[in-house]
Amino acid sequence: MSEDLRRALQRIQGPDELEAERRAWAMVRSSYVERESLSWQQRNRRPLLLVAAVLAVLLFALFSSPGRALVGSVHDAVTSDEPTAPPKPVLTALPARGQLLVNSSTGPWIVQVDGSMRKLGPWWEGSWSPNAEHVAVTRAHRLAALAPNGRTKWSLARNRILRGARWSLEPPAQCCRIAYLNGRELRVVAGDGTGDGPLRNVVGTTPPAWRPGSIRQLAFSTVDGRIELVDADSTKTIWRTNPGDVPFQLAWSEDGERLLALGERTLRAFDSNGRKLWSIGLPVGSSGVVFARKSHRFVLIRYSPATSRSDLVLYQAEADPGEARFLYSAPGAFGSLAISPNGNWLLVGWVDANQWLFLRLTAAKVESVSNIVQQFGGKSSAPLASSFPKSVSWCCPASP
Amino acid sequence: MLGPGRQERSWIRGAQGGSASDLEALFKEHWPRAHRAAYLVVQDGAAAEDIAQEAFLSAIRNLDRFDRRRPFGPWLHRIVVNRAIDWARARSLRREISEAPASEDFDTGDLGTFSDGVAAGLASLGPEQRAVIVLRYLLEYTTAEISELLDLPRGTVNSRLRRGLDRLETILDREQR
């Protein structure tokens, strides 16, 4: 039986197997070419430049006073010789008002300010609607809108794997639309589940990002790493950038005037007209950006292969990125960032320590909570890289 | 599972260094089995393509962090099979709710009744049983390795394998009568 079964399994073919291979190779190669667009010299020079940059930033932070309101205090707190408080074993409360939407390995969860948690059912990922009145969730071929209590308002199914659902940021009175990816196809559906239709046939895998302050403008990535802003009503392109590193995250500033495209090797900043402000090379492993509230400054996770440490650094999305300002550093990988609604706290997922860090940005304070994987239903035996929550949004940023 | 062969290590090293031809060799070596494994678990051509493709894209994203001393296949198959199980479970739920039409049939061509029977038998199993059978007999992992790949106790793997094989045998016997 065993040998016969082995041979039988090897004979069974999927439909269209050769074409599937051809399509997949085209996609894999395209992704690889983008990844390799930076030269060998740049890649190998970067760790040294990074060390130099961090040293320069440290010196700058030591001897300069500007920016202390946001940066200096955190820097003081984490570089102090005084021991920081031990991590709390359980998340009993959030340090600021609001709710968290956590995309964990077991699905999306909502965390209230008092620390109470609710799992939203058997979904893969979710994102907030404006004012956290609903959550858009996806799993395999299904997209659904849920009330925060988990009750399904509506759902639909499509033929490819659905992901990257994002609510438009219109006020609830005019509410709302959801953009999502159906395989490589970008689609938009009304907030009540009606009027579902395609916007673009083939796009990159980046979750789309609605532009704040506009009721229908949506940014997305093409397969060759161009960023395109489209009018979701007319489907017309408003602007499109040159090709670049295919991003895995698009992030708008709160006023909709700046857009960041974070790829594996580069971070690009654009203004509201799609003009590139600057582009900076990154070491492998940088994994997130988040804008500060009401600001064009943003926090970037920057991993250093040379030291196996992750840094949080502050840049600005202006004509010049400015001096990188060092906020915090720890061994291992950071995985997610979220800013509290009042803009005072930064949540940082510290993957290798299985902790969340809450950095108070306006005073010298860092709080930490451990056992994050277990608190969101993950198995403690699973590798942290796969079981640690992938993203967090703190009610109600543009995207997780 | 033995460590990677010299050839595979060379491809990975080349791909890490920027060689598209080495990457292509690695892709061509691993795509057929990854795609077929996904297909046998989900029984849906489009979903299998998506799942296998996403696994490779994930590999590209993490290429520089990949340890060349470790074999590439298990790392890829872990992603593929776990995603495939999740997808198949979700479809079962959807079908319960929406009574969607049954999945597409396996394409066995003119390969004889035994393959036809295996295809039909697999379709009657749950995704978890299909997954362990595919890992054991298509991808040829040991039960200890399957237990690690699926993050399951070895006893659970053995019982799923036993029950799945028993059911397959029953179906094949019935068809041969």
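In the predicted model, helix 2 of chain B, which spans residues 20–42, is not straight: a bend of about 40 degrees occurs at B:H30. A proline, B:P32, follows this bend within four residues. Just after helix 2 of chain B, the residue B:Q43 adopts a positive phi of about 55 degrees.

Helix 2 belongs to a chain built from helices, since chain B contains eight helices and zero strands. Read from the N terminus, the order of elements in chain B is α-α-α-α-α-α-α-α. Of the 177 residues in chain B, 41% are buried. Among the contacts in chain B with a separation of 6 or more, 69% join residues that lie 24 or more positions apart.

Two partners of helix 2 within chain B were examined. With helix 3 of chain B (residues 45–61), helix 2 of chain B packs at an angle of about 140 degrees, and the two axes are 8 Å apart. Because an angle counts as roughly antiparallel over 145 degrees, this value makes helix 2 of chain B oblique to helix 3 of chain B. The crossing of helix 2 of chain B past helix 3 of chain B is right-handed. On the side of helix 2 of chain B, the contact is formed by B:F27, B:W31, B:A34, B:H35, B:A38, B:Y39 and B:V42. Helix 3 of chain B contributes B:G45, B:A47, B:A48, B:E49, B:I51, B:A52, B:A55 and B:F56 to this contact.

The second partner is helix 6 of chain B (127–138). The axes of helix 2 of chain B and helix 6 of chain B come within 9 Å and cross at roughly 150 degrees. These two helices of chain B are therefore roughly antiparallel to each other. Their crossing, that of helix 2 of chain B and helix 6 of chain B, is right-handed. Here B:R33, B:R36, B:A37, B:L40 and B:V41 of helix 2 of chain B meet B:P127, B:R130, B:A131, B:V134 and B:L138 of helix 6 of chain B.

Chain B also touches chain A, with 43 residues of chain B in contact with 40 residues of chain A. On the side of chain B that touches chain A, at least two residues each are supplied by helix 2, helix 3, helix 4 (72–98), helix 5 (113–123) and helix 6 of chain B. Helix 3 of chain B gives the most to this side, with 12 residues.

The confidence of the prediction was considered for chain A, where the pLDDT averages 83 and 84% of the residues score at least 70. Over residues 37–42 of chain A, the pLDDT is below 50, and this stretch has six contacts in the model beyond near neighbours in sequence. The pLDDT is also below 50 over residues 57–83 of chain A, a stretch with 34 contacts in the model beyond near neighbours in sequence. Where pLDDT is low, predicted coordinates should not be read in detail.

One residue of chain A, A:R118, was examined individually. A:R118 lies in strand 3 of chain A, which comprises residues 117–119. With 14 other C-beta atoms within 10 Å, A:R118 is partly exposed. Not counting residues up to four places away in sequence, A:R118 touches A:W109, A:I110 and A:G150. The C-alpha atoms of A:R118 and A:L101 are separated by 9.8 Å, and these residues stand 17 residues apart along the chain.

Technical notes. Residues are numbered from 1 along each chain as its sequence is written. Chains are lettered from A and ligands numbered from 1 in the order in which they are written. This is a predicted model: local features need pLDDT of at least 70, side-chain atom pairs count only at pLDDT 80 or more; totals for chains, interfaces and linings use all residues. The bend at a residue is the angle between axes fitted to the seven residues ending there and the seven starting there. A residue is buried if 20 or more other C-beta atoms lie within 10 Å of its own, exposed if 12 or fewer, and partly exposed in between; C-beta atoms are placed from the backbone. Two residues are in contact if their C-beta atoms, placed from the backbone, lie within 7 Å. pLDDT is the predictor's confidence in each residue, from 0 to 100. Axes are lines fitted to C-alpha atoms, for helices over the stretch in contact, and angles run from 0 to 180 degrees between N-to-C directions. Angles under 35 degrees count as roughly parallel, over 145 as roughly antiparallel, 65 to 115 as roughly perpendicular and the rest as oblique. A crossing is left-handed if the near helix is turned anticlockwise from the far one by less than a right angle, and right-handed if clockwise.
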